[in-house]
Amino acid sequence: MWTADEISKLCYQRFSELPKRGKPEPGREWTLLAAVVKCSVSPNQEKVEEVVSLGTGTKCIGRSAMSSKGDVLNDSHAEVIARRGCIRYLTEQLRMAVCGQGSTVFCQGEEMGKWKVQSGVSFLFFTSHTPCGDASIIPMMIDRQSQPCPPIRSDEIIPNGTNEKAERLNPKRRAETQTDGINKHPRLEEPEKSQYELQCGGSLVENLTDSPAQAHAESPRPEGKNALTNVVLRQRDNVLTQQSLQDIHRTGAKCVPGGPEDPLQPGLGYHSTGLLRVKPGRGEPTLSLSCSDKLARWAVLGFQGALLSHYLQGAVYFSAIVVGRCPYSHQAMQRALITRCSEVTALPAGYTVQPPELLQSSLEFAHSQAQTEHNHQPGKGRVSPCGAAISWCAVSDQPLDVTANGYKHGVTKKALGTSKARSLICKVELFHSFLSLLAMTAVIIM
């Protein structure tokens, strides 16, 4: 049986073996990593874990940049990249099964013309960071690491051409966004006065100090006749400590328009939980659901997609989800990925709510934002998310695909709109792969 650390180590090792192209610049750029791992049993009955798809990325394009032709990657978050790469892998495995070339994943199902996952084969999902959206709304701990779906920054807003309604963020909004690569969290409300007022035994004790820091540095704790004051100071410190812990990590993902909204109150009241959310874009809204929402959907409908479902006897589910070392809450993961969909019913044959096992590894991704900021050297520019996204999958032809802004990395403007600019995991390319499988099936039947 594998462990969470073994899975994360396997994924990190696979990433390290990839070429440099598309990887973040060490000490200055950070990214997120996700992967699909196939677990199987070898001929000598040994259990084998193999990375079959891997993705990196943190970006998501706005709705005005989307294409009705399906030739642009709308969502380049690592989790989505890894899943789409896995669809490439499953399509090739189905092609091998249909042609009798010995697929390591599929075998003939009980229904005529249908295929199913072989006995002893399962898939698990790994992500180096808590998925953006509902799963990232977790209690604030001492180490304030960043969230995987950071809010947009005022300097990232596209001023013209792509969004007529785009406007500069106001000062209040800017206080809740990232600045110079460092996450800024909205502070808890402070009293209007600079004096702390605490109720103690029916008496209002005022003007104890101007700030918590001065209380520690300038005011020794007196005993005797000032014992009451000492008690009040301790109570105030306890209140301040509780307030500092009664906060949550923010998620940049916004509530779906038209539905319930976040109350945006201080501390624990900032977010509402259990809501569908869309990812923030570079200056304009996106139409891409958060990774928490997508993982929850895959736990009900499978991750194989609509096209491959035509060939499969049932859906393909992740048996487990492993998260790398980062701010993490098992309760939040359970709520976001499992509980929200636990009462879904009336599913077609072959589909069922399939809650994955939730685990966390103690190993952190070397290119996480926290590690990048820790290793950052002065003079190297501000820490920022890597603009490129990497897709690698275990297929025989062109396993590596590097993109930026939804197109192949390094493509010229002249090539936009042509096949040279398309990612191998965009909708139209995956559809072409499916058509190839369909044509092959028709030839065999004839």
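Helix 6 (291-301) is mostly covered in this predicted model, with nine of its eleven residues buried, where buried denotes under 20% relative accessible area, exposed over 50% and partly exposed the range in between, for a 1.4 Å probe and protein chains only. Helices (H or I, at least four residues) and strands (E, at least two) are DSSP runs numbered from the N terminus. The buried residues of helix 6 are Cys291, Ser292, Asp293, Lys294, Leu295, Ala296, Trp298, Ala299 and Val300, and their cover includes strand 5 (75-77), helix 2, strand 8, strand 12 (277-278), strand 13 and helix 8. Just after helix 6, Gly302 adopts a positive phi of about 85°.

Residues are numbered from 1 along each chain as its sequence is written. Local features need pLDDT of at least 70 and side-chain atom pairs count only at pLDDT 80 or more, whereas totals for chains, interfaces and linings use all residues, and side-chain values rest on heavy atoms, with hydrogens and water left out.

The largest nonpolar core (a set of buried Ala, Val, Leu, Ile, Met, Phe, Trp, Tyr and Cys residues joined through side-chain atoms within 4.5 Å) comprises 44 residues, and those with the most contacts inside it are Leu90, Phe123 and Phe125. At least two residues of this core are supplied by each of strand 2 (33-41), helix 2 (78-98), strand 8 (122-127), helix 6, strand 13 (318-323), helix 8 (330-337) and helix 10 (427-445), and the largest share, nine residues, comes from helix 2. When its neighbours within four places in sequence are left aside, Leu90 is in contact (heavy atoms within 4.5 Å) with Val105, Phe106, Phe123, Phe303 and Leu308. Another core, of 23 residues, lies apart from the largest one and has Ala4, Cys11, Cys39 and Ala388 among its members.

Backbone geometry was also examined in two loops. Most residues other than glycine have a negative phi. Gln398, although not a glycine, has a positive phi of about 50°; Gln398 lies in the loop between strand 16 (388-393) and strand 17 (400-404) and, at 44% relative accessibility, counts as partly exposed. Asn405, likewise not a glycine, has a positive phi of about 55°; Asn405 is placed in the loop between strand 17 and strand 18 (407-408) and is exposed, with a relative accessible area of 59%.
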